[in-house]
Each structure stands twice: as structure tokens, then as C-alpha cells.
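The exercises below are meant to be worked through with the sequence and the coordinates at hand. Each task is followed by a solution that goes step by step.

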Amino acid sequence: MARWIAGLDGSRGAWAGLLLDRDDPSRWRAARFARVRDVLEAPEAPDVVGIDIPIGLPERIRDKGRSADRAARALLGRKRTSVFPVPPRAAVYAADYEAAKALSRALSEPPFAPSIQCWNIVRSIKEVDALLRAEPDFRTRVHEVHPEVAFFRLNGDRPLAAGKKEAAGLAERRRLLAAAGLAPALVASSPPPGVAGDDHVDAMAALVVARDISEGRATPLPPDFEHDAEGLPVVIWAPASGLGVGLGDAGIC
């Protein structure tokens, strides 16, 4: 039986998704998924899914962010701003942005309010949180990742030269994905309809982390991670250190 893995990144109100057969890297599928459940219940039934979304939501926040956010920012150094702090669970489920800011300030030490960037993905955070709370069996399959953390690690723990919205930045990221072992056809592929190009590439990064999780090589941030009150892990998974080869040819045209 084929062993499938998946990488997911939020894209335009849905999910940019990539599924790959670990035993035959020439078999892969890119698609836009309306829900995370659709990926888990797809014909491929991936047993490991890397997803760029906060998962563990503490009731109170200390030191301006979850322990996973702080660990990821410490790794990234001057690129730390790409990891924005996630507010407490009550703020995520607030009725509106003003209520979220008030709840976050009341339940954090020192007080902080979520950025509008964070608030704009709250619907997706709640989707995944509700899914994992309702379906405990999914918890062993769905894992939080962060594309910029993944690319930083794949680049030998060095910042990338260009941003992901720039052509040079996308090319740099594709080179790193190829060096990490993704097959050339996958790395060079165009995004499916309705998916932005940078989200497609970020889903590839999530796929690399899913591979390393499945092989027991991924790095948890922080190493000794906690769980929230619902039993969900507060951890961002990073790929194995340095450049690696794992799935298919490392070359790319």
C-alpha cells in the first residue's frame, strides 16, 4: 500500500495542497482544497500532513507568544518578524477583531494584541482547531509547520536573499526544495487553479517537513514542547538540519 504525505498552505480562503507517495516520488498531486478534512479524507489518505497554521492554543500567553512562536523567532534571528505571535484561545474565538484584542490583552503577560495579519487567518485557525478537537485520530497526522522556518533550515540556517513574492525569491526557494530531494517535475510545477504561486511553493516546504516527520528526522521547536488545555501540541516542526536529499532526484532544470 502506498504511503502518502501532504503539505498544506493557506491560499485565498482555501488550502494549497500537495500530496506525494513516499514510495514512488514520481506520483504526486497538486490541488486546491476547500477544507483540511478534504485532504485527510482524500483517496491518498496521507498519514502525515504538514500545515502552515497555528495548532496549539494556550489559555494564557506569556512573553508575547506561544513557546513555539518564541522558539521559531529565536531560530530565525533578524527574520523573526515572519513569525507573528498567536493570541490565547479565547481571543481566537472572539466575535470580532476589537473583542479579540481586548481578550488577548487580558489573557497575556505582558499584554499584547494580535496583529491584523493574525486576525485575517483566524477562520483557518478555528477550522483546524475544531477539526483536531472533534477528531482525535487526526492529531497524529496533522502537524504545524512554518515555511520560512523550513526554508531557513534548508538554507543551512541562513536567511534567504529575497522575499517569496519576488521572482528571485521563488527561484531560490525552488532550488532549496530540489536540493532537499523533491522531484524536479514537482519543484518546477505550476500552481493549480485558484492557488497563488508563492503558496504553492510554501506547500512544497510543508511537504518536505512532512517527509522528515514521517522519517523521524524533523526538529521540534521548542524541543520540550507543551500541550494546550485540549491536549494539542504547541510546536512548530522544522526539517532536518542543513541540505538533505530524500525524495527523488535533487536536480532541477
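**Exercise 1. Find which residues Leu207 touches, leaving out those up to four places away in sequence, and place this residue in its core.**

Step 1. In this predicted model, Leu207 touches Ile5, Ala6, Gly7, Leu18, Leu20, Leu182 and Leu186 once residues up to four places away in sequence are set aside.

Step 2. The largest nonpolar core has 31 residues, and Leu207 belongs, together with Phe151, Leu177, Leu182 and Trp237, to those with the most contacts inside it. Two or more residues are given to this core by each of β2 (14-21), α7 (147-154), α8 (167-179), α9 (184-187), α10 (197-214) and β9 (233-238), and the largest share, ten residues, comes from α10.

Step 3. A second core of 29 residues, separate from the one just described, includes Leu19, Val39, Ile53 and Val128.

**Exercise 2. Determine the strand order of the five-stranded open sheet, and state what packs on it.**

Step 1. The strands follow one another in the order β3-β2-β1-β4-β7, the sheet being open and its pairing mixed. The edges are formed by β3 (28-33) and β7 (142-144), each of which pairs on one side only, and the twist from one strand to the next averages 20 degrees.

Step 2. Strand β1 (residues 4-11) and strand β4 (residues 48-51) run parallel and are joined by four bridges; Leu8 has Ile51 in β4 as its bridge partner.

Step 3. Helix α6 (residues 122-134) packs on the sheet, where it touches β2, β4 and β7, and its direction makes about 50 degrees with that of β2.

**Exercise 3. Locate the cis peptide bonds that precede Pro110 and Pro222, and the positive phi angles of Asp63 and Lys64.**

Step 1. As background, most peptide bonds are trans, and most residues other than glycine have a negative phi.

Step 2. Glu109 and Pro110 are joined by a cis peptide bond with an omega of about -10 degrees, and Pro110 is placed in the loop between β6 (108-109) and α5 (116-119). A cis bond also joins Leu221 and Pro222, with omega about 0 degrees, but here the proline lies in a strand, β8 (residues 219-227).

Step 3. Asp63, although not a glycine, has a positive phi of about 60 degrees, and its place is the loop between β5 (61-62) and α2 (67-76). Lys64 likewise has a positive phi of about 60 degrees without being a glycine, and it too lies in the loop between β5 and α2.

**Exercise 4. Decide whether Lys64 and Ala102 are buried, partly exposed or exposed.**

Step 1. The cut-offs needed are a relative accessible area under 20% for buried and over 50% for exposed, with partly exposed in between.

Step 2. Lys64 has a relative accessible area of 48% and is therefore partly exposed. Ala102, which lies in helix α4 (residues 97-106), has a relative accessibility of 44% and so also counts as partly exposed.

Step 3. From Ala102 to Gly56 the separation is 46 residues in sequence and 20 Å in space, C-alpha to C-alpha.

**Exercise 5. State how confident the prediction is along the chain, and where the pLDDT is below 50.**

Step 1. The protein chain averages a pLDDT of 93, and 95% of the residues score at least 70.

Step 2. Over residues 244-253 the pLDDT is below 50, although this stretch has 34 contacts in the model beyond near neighbours in sequence.

Technical notes
Residues numbered from 1 in each chain as written. Predicted model: local features only at pLDDT ≥ 70, side-chain atom pairs only at ≥ 80, totals over all residues. Heavy atoms only, no water. Core = buried A, V, L, I, M, F, W, Y, C linked by side-chain atoms within 4.5 Å. Buried < 20%, exposed > 50% of the residue type's maximum accessible area, 1.4 Å probe, protein only. Contact = heavy atoms within 4.5 Å. pLDDT = per-residue confidence, 0-100. Pairing = 2+ DSSP bridges. Axes fitted to C-alpha atoms, helices over the stretch in contact; angles between N-to-C directions.
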